[in-house]
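Me: I am new to this structure and would like to understand the open spaces in it, and how one reasons from a definition to a conclusion about them. Could we go through them step by step?

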Amino acid sequence: MATRWGICSAGRISHDFTVALKTLPHEDHQVVAVAARKLEDAQEFATKHSISRVYGSYEELARDPDIDVVYIGVIHPYHLSTCLLFTNAKKNVLCEKPLAMNTKEVKEILSSAKRNDVFLMEAVWTRFFPASVEIRRLVEQGEVGEVKMVRSEFGVPISHVPRSGQKELGGGAILDIGIYCLQFICMVFNGEKPESIQAMGVCLETGVDETVVVTLKFSRNRMAVFSCSSGVKLPNDTIIAGTKGNIRIPDHMWCPTSLEVNGKETQYPVPEPYLPLNFLNSTGMRYEAEEVRQCLLKGLKESSVVSHADSLLLAELEDEIRRQVGVVYSQDSK
């Protein structure tokens, strides 16, 4: 039986996710419906992607009995209400990252998923790339010895994108791109909570963070540092340094297609898209989609690769970084 997907929102990320699904076998993954807040947007999306069912509201999609799982591609200030809509309708959910605006909202989403006995995963797509799978294997098997230091950078000049600077739209570098560096550090240190965290940043006049530098100290004197910026391009690489060697992910660490282990490089290409993409290497979203399918086939309610505990830890760290940098969203006072 194919996993039947419903797509919630007809934006750019939903387009790329739908293109990524088409790189997987049709007998395994099928998009059966799309919903947008405007019917004409959903119709245009459906025509482009050959989707048979079209809805002009998310509520209609939630009522569709033939959907196995919903992909939520709305912007993050709407993640809480949208996730709750679908979990309360007993629908399995794959929600774009960040899962929500803060820890309180993440807890609300996770408890709703548990209460309704549905699968829910934050779409931290990076973790499912073959290169990331190999990194976990190398670290677990001690191929580079004990990891003592992780350094990660992600900076892209996106200040021209209105959403990136607008507080009410969830703007800010940490939640948008810093999360990639943060999740990587958490992955390498196996979901361990850091002993201490120090963050410094520069905020825009709108009150959202533009550039942030964060240092994390873990047990056994292991360290991590990351920088993120929505104002300038950074090297966008990640280095994992161990007592016996190091692993480097060259440029575009958030969607890695190559890996250098002690200087030796291996390529992990992603499939070609059948339609132009909005974001780099988006066909790599196929890997998280396949993970969702495998979890559903096994009757699991969460993935071990991006568990509910992982999402909670990310939210807690994001909250603390924002607190230190001085970024407060309206959702924080609710």
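The turns below take up the two pockets of this predicted model.

Me: What makes Arg12 and Phe279 lining residues of the largest pocket?

Reply: A residue counts as lining when it has an atom within 4 Å of a point of the pocket. The largest pocket has 41 such residues, and Arg12 and Phe279, together with Ile13, Ile75 and Arg163, are those that lie nearest its centre. The space in this pocket comes to about 1,200 Å³.

Me: How do you know which helices take part in the lining of the largest pocket?

Reply: At least two lining residues come from each of α1 (12-21), α4 (79-88), α7 (162-165) and α8 (173-188), and α8 gives the largest share, which is four residues.

Me: Why are eight residues in the lining of the largest pocket called charged?

Reply: Asp, Glu, Lys and Arg count as charged, and eight residues of this lining fall in that class, beside 22 nonpolar and 11 polar ones. Arg163, one of the residues nearest the centre, is therefore charged by this rule.

Me: What makes up the lining of the second largest pocket?

Reply: This pocket, with about 360 Å³ of space, is lined by 20 residues, and Val139, Met187, Val188, Phe189 and Asn190 lie nearest its centre. Both α6 (130-140) and α8 supply at least two lining residues, with the largest share, four residues, coming from α6. By class, the lining holds eight nonpolar, four polar and eight charged residues.

Notes. Residues are numbered from 1 along each chain as its sequence is written. This is a predicted model: local features need pLDDT of at least 70, side-chain atom pairs count only at pLDDT 80 or more; totals for chains, interfaces and linings use all residues. Side-chain values use heavy atoms; hydrogens and water are left out. On a 1 Å grid over the protein atoms alone, a cavity is a set of points where a 1.4 Å probe fits but cannot get out, and a pocket is an open set with protein on both sides within 12 Å along at least five of seven lines; lining residues have an atom within 4 Å of a point. Grid points are joined across faces, edges and corners, and a volume is the space filled by probe spheres set on the points.
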